[in-house]
Amino acid sequence: MSQLLISGEEHLAAARLREALQSFELELELAPDSHRAVYLAALVHLKLGQEATALVMFNRALERCPDNPNYLSDLAVTKLRLKDIAGAMRDLDRCVQLEPENSYRYSLRAFARNAMGDVAGAVEDYRRAVALDPDDAIAYNNLGMAEESMGYGVRAKESFDRADTPSGRLHPPRDHTIDLSNREMAGPATAGSTQPSTYWEVLRSVLTDKGERDEFMRFVSNMFKTSK
């Protein structure tokens, strides 16, 4: 791994996002085909709330490294933030296929299912997640909330009790991009709501904010410089 990538990951771990992005962009100037640098830069953009840029860059990373479950997972998170729940579900289904024994893949898909109103599907996925990782207090808490909303009071109490045990792991693993202990995304999609159905519709829907638009144009400009 190059020194720029190492430095960038250290900045990223310490939440020095601008410094991390600078390191990854410098790495891409030297190694334009580095899917790892593209992915990490995309992750910084996502953490900065620049979803349109993140969306493009996660897709670029996947072009260079197809079926990478971490790349797909964070692409799905980006789509969730952009309210493209159907697109996120396709990516999350693929993540589960690629890593059927990874509890986080089920937790994140459960989160998405709950967001689209499929509470029963969310319960099914959360139960699979805690079966694979009995110490995941966040998954138990979210399972309890989903069960409670379905009227399963006794089961919900059992799940909440498991979430409150001292041995429960309250901090998400490193690949949790979003905090699954809260409702960072919008609520369930309703039957009458309209969601972006294509890649470009997603971009158009988010590029209404001037700051986001300016950052996206800066990114596009840099991308063309790199390609040259």
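Asp 93, Arg 109, Arg 113, Asp 118 and Asp 125 are joined through a network of salt bridges in this predicted model. Within the network, the side chain of Arg 113 meets that of Asp 118 in a salt bridge with an N to O distance of 3.8 Å. Arg 113 also forms a salt bridge with Asp 125, where the closest N and O atoms lie 3.3 Å apart. The pair of Asp 125 and Arg 113 links distant parts of the chain, with Asp 125 in helix H8 (residues 119-132) and Arg 113 in helix H7 (residues 103-115), 12 residues apart.

The accessibility of these residues was then considered. Arg 113 has a relative accessibility of 16% and therefore counts as buried, the limit for that class being under 20%. Asp 125 has a relative accessibility of 2%, so this residue is likewise classed as buried. Asp 118, by contrast, is partly exposed because its relative accessible area is 31%, a value that falls between the limits of 20% and 50%. Arg 113 thus takes part in a salt bridge with Asp 118 and in another with Asp 125.

The structure holds 13 salt bridges in total. One of them is formed by the side chains of Arg 81 and Glu 51, at 3.9 Å from N to O. This pair, too, links distant parts of the chain: Arg 81 belongs to helix H5 (residues 69-81) and Glu 51 to helix H4 (residues 51-64), and 30 residues separate the two. Arg 81 and Glu 51 are both buried.

Helix H5 also packs against helix H3 (residues 35-47). The axes of H3 and H5 are 11 Å apart and form an angle of about 30 degrees. The two helices are therefore roughly parallel to each other, since angles under 35 degrees fall in that class. The crossing of H3 and H5 is left-handed. On the side of H3, the contact is made by His 35, Arg 36, Tyr 39, Leu 43 and Leu 46. On the side of H5, the contributing residues are Asn 70, Tyr 71, Asp 74, Val 77, Thr 78 and Arg 81. Arg 81 accordingly appears in the contact with H3 as well as in the salt bridge with Glu 51.

Helix H3 has a further packing partner in helix H1 (residues 3-13). The axes of H1 and H3 come within 11 Å and cross at roughly 20 degrees. H1 and H3 are therefore also roughly parallel to each other, and H1 passes H3 in a left-handed crossing. In this contact, Leu 5, Glu 9 and Leu 12 of H1 meet Arg 36, Ala 37, Leu 40, Leu 43, Val 44 and Lys 47 of H3. Arg 36 and Leu 43 are among the H3 residues that meet H1, and both are also listed in the contact of H3 with H5.

Backbone geometry was examined in the loops on either side of H5. Most residues other than glycine have a negative phi. Asp 67, although not a glycine, has a positive phi of about 60 degrees. This residue is placed in the loop between H4 and H5. With a relative accessibility of 37%, Asp 67 counts as partly exposed. Lys 83 likewise has a positive phi, of about 70 degrees, and is not a glycine. Lys 83 is found in the loop between H5 and helix H6 (85-98). Its relative accessible area of 38% makes Lys 83 partly exposed.

At the level of the whole chain, the secondary structure comprises 12 helices and 0 strands. The pattern along the sequence is accordingly α-α-α-α-α-α-α-α-α-α-α-α. Of the 228 residues in the protein chain, 47% are buried. Among contacts with a separation of 6 or more, 58% are between residues 24 or more positions apart.

The confidence of the prediction was assessed by pLDDT. The mean pLDDT of the protein chain is 81, and 72% of its residues reach 70 or more. Over residues 171-176, pLDDT stays under 50, and the model has 7 contacts beyond four places in sequence for this stretch. Residues 179-194 also stay under 50 in pLDDT, and here the model has 33 contacts beyond four places in sequence.

How values were computed: Residues numbered from 1 in each chain as written. Predicted model: local features only at pLDDT ≥ 70, side-chain atom pairs only at ≥ 80, totals over all residues. Heavy atoms only, no water. Salt bridge = Lys/Arg side-chain N within 4 Å of Asp/Glu carboxyl O. Helix = DSSP H or I, 4+ residues; strand = E, 2+ residues; numbered from the N terminus. Buried < 20%, exposed > 50% of the residue type's maximum accessible area, 1.4 Å probe, protein only. pLDDT = per-residue confidence, 0-100. Contact = heavy atoms within 4.5 Å. Axes fitted to C-alpha atoms, helices over the stretch in contact; angles between N-to-C directions. Parallel < 35°, antiparallel > 145°, perpendicular 65-115°, else oblique. Left-handed = near helix turned anticlockwise from the far one by under 90°.
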